[in-house]
Structure formats: structure tokens, C-alpha cells
Amino acid sequence: MEAASALFGLLTIAMLVRHAMHGGVIDTGPVTLAEQAIYTLIALGAGAILVAIDLRSPSPVLRYGSMAAGVLSVAFILIRHFVVLNPLLTDESTGAVPFFNLLLLAYLLPAVAAGALALYVRERRPRWYAAMLALVASLLAFAYATLSVRRLFKGEFIGLWSGLGQLETYTYSALWLVIGVALLTAGVWLRSQVLRIASAVLIAVAVLKVFLFDMSELEGVLRALSFIGLGAVLIGIGLFYQRLLTRAARLGAE
């Protein structure tokens, strides 16, 4: 009965969303990215609610149901947000408003929700579950920042086939390095190995992009700035890690 109650509660909310977004006809029209984003947020919210109820009244149904909702939301994100309905691949309109647009709904809000859920379940659910949510939150934040830069240069429609400009190419390199440093800082502050690994992977990708792509695509000042910025960030990361290792050694000696 607990499982049926949770399942039909979620289905009711999903039906109401479908009803509202399709003029009352729920069996017509494809699922849009905006609609899918709402379903994803509902699944993440359901995962948090089931965890909260389970803490008050422990139940295996609530425990595994909360994790099932989280895994389902991650599947939605990986398959629908990143591939099937990605505006970079579908060239769907992202909206005319600069900030309050489709990218906010489909990427930033789910990133915040997944990150908040990862923190909430950190000591309450298995480590792999919290790590999965933290990684997906990082990917969503990365996608939001990258697609927002794309929208800044291309406007409402950001289809991949519209090409890349030199300034846009340079901006991606700088942005990815900044996000990598931010993930590293968050990983150290939260003591999250997943975030630290994600930062290392992203910085490595940015380094490869600078050497393999920017070197041939950028010219003049932008090429020089790309390498100067890369060098400065790598030196800063090295000093940061050296400081962490020194502090760890000092604490170990004490």
C-alpha cells in the first residue's frame, strides 16, 4: 500500500503537468524539454520527500523507493536532457528572455535540485547514490554554463550546425577552466572525492582543447590569451594542492 500510494501520487502529479501543458489532451503531442524538465524536478523532489518520510517512519519501501526516484531522475537527465531533447542537437528555441529561459528550467534548476538532494542523502543513503547525484549535478551545471555561452553568441537558437566563432571558442576554454577550479574548491570544502575527480577531468579536457583545437582555430591575441590563461590556472591549481598537502602533512605530524 505504501508503494502504491507513492507511485500513484507521482503519476497524478505527472498527469496534471501533462494536462496543463497540452491543453487538456494528454495523449497528443511529443514531450518537450520544458515538460521533461518538470518531470525530472518532480522525480528529484519525490526522492527527497520519501527520504524525509523514511527518517520519521522507517520503511524498506520508502528507502528503496526514494533511491528508485533518484535513479529515475538521473536516467531522465542523461537520456532526455543531454541527448534526445538537448537544444544543441534539436535547435529548439531556448526563449527570448536572457536568463529566465529554457536553459534555466532544464539545466540549472535540476542541477540545484540534484546537488541539494546529494547533500541531503549524504549520510542517509549509500555512498554510490550520493556520488551519482553529485556527479549529475556537476554535469548539469557544466551543461547550463556551456549552453548559456552558446546562447549568448548565437541567440535564441543554438543548434550545433550554426558554427563556432573564435571568441566563442576562447570563451569555452576559459569557462571550463573556471568551472574546473570551482568544482575543485567545492570538492575540497565538501570533502567530496567525486567533485575533485570531476574537476580533474574537466580541467584535463580544457587543456586538451587548448592544445588540440584552440591552437589551430584561434589566431593572434586570442591564441596567446588562451595559453596564458591555461598556464595561470594550472600554476594556481598546483599551488593550491601544494598548500593542501602541506596542511595535511602538518596535521599528520601533530
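Is Trp176 buried or exposed, going by its relative accessible area? I began my notebook with this residue, and I note at once that the model I am reading is predicted. Trp176 has a relative accessible area of 14%, and since buried means under 20%, Trp176 is buried.

**Entry 1, the whole chain.** I looked up the helices and strands next, and I found 9 helices and 0 strands in the chain, so that the pattern read along the sequence is α-α-α-α-α-α-α-α-α. For the extent of the chain I noted that the C-alpha trace spans about 65 × 60 × 25 Å along its principal axes. The chain has 254 residues, and 37% of them count as buried. I also looked up the contacts between residues at least 6 apart in sequence, and 64% of these join residues at least 24 apart.

**Entry 2, surface and charge.** The area that the chain exposes is about 13,900 Å², and I wrote down that carbon and sulfur atoms supply 72% of it. I then turned to the charges, of which 18 are positive and 13 negative, and their mean positions lie 12 Å apart.

**Entry 3, the nonpolar cores.** Which residues have the most contacts inside the largest nonpolar core? I found that this core has 30 residues, and that Tyr107, Val121 and Leu133 are the ones with the most contacts inside it. Helices α2 (33-56), α3 (60-84), α5 (102-120) and α6 (127-154) each supply at least two of its residues, and α6 gives the most, with 10 residues. I followed Leu133 further and, leaving aside residues up to four places away in sequence, I saw that Leu133 touches Leu44, Val74, Ala114, Leu117, Ala118 and Val121. There is also a second, separate core of 18 residues, which includes Val149, Ala198, Leu202 and Leu230.

**Entry 4, a stacked pair.** I counted the aromatic pairs next, and the structure holds 5 of them. In the pair of Phe82 and Tyr107 the ring centres are 6.3 Å apart and the planes stand at 20°, and because planes under 30 degrees apart count as stacked, I recorded this pair as stacked. Phe82 lies in helix α3 and Tyr107 in helix α5, so the pair ties together parts of the chain that are 25 residues apart in sequence. I checked the burial of Tyr107 as well, and with 0% relative accessibility Tyr107 counts as buried.

**Entry 5, back to Trp176.** How far apart are the ring centres of Phe142 and Trp176? I found 5.5 Å between the centres and an angle of 50° between the planes, so this pair is tilted. The pair links distant parts of the chain, with Phe142 in helix α6 and Trp176 in helix α7 (residues 166-190), 34 residues apart. While Trp176 is buried, Phe142 is partly exposed, with a relative accessible area of 24%. I noted last that ring pairs link Phe142, Tyr172 and Trp176 into a cluster.

**Entry 6, a proline in a loop.** I looked for Pro98 and found it in the loop between α4 (87-90) and α5. Its relative accessibility is 67%, and because exposed means over 50%, Pro98 counts as exposed. I also compared Pro98 with Leu160, and these two residues are 62 residues apart in sequence and 19 Å apart in space, C-alpha to C-alpha.

Notes. Residues are numbered from 1 along each chain as its sequence is written. This is a predicted model: local features need pLDDT of at least 70, side-chain atom pairs count only at pLDDT 80 or more; totals for chains, interfaces and linings use all residues. Side-chain values use heavy atoms; hydrogens and water are left out. Buried means under 20% relative accessible area, exposed over 50%, partly exposed in between (1.4 Å probe, protein chains only). Contact means heavy atoms within 4.5 Å. Accessible areas come from the Shrake-Rupley method with a 1.4 Å probe; for residues, only the protein chains shown count as cover. Lys and Arg count as positive and Asp and Glu as negative; His and the chain ends are not counted. The place of a charge is taken as NZ of Lys, CZ of Arg, CG of Asp or CD of Glu. A nonpolar core is a set of buried Ala, Val, Leu, Ile, Met, Phe, Trp, Tyr and Cys residues joined through side-chain atoms within 4.5 Å. Rings of Phe, Tyr and Trp (its six-membered ring) pair if their centres lie within 6.5 Å; planes under 30 degrees apart count as stacked, over 60 as edge-to-face and the rest as tilted.
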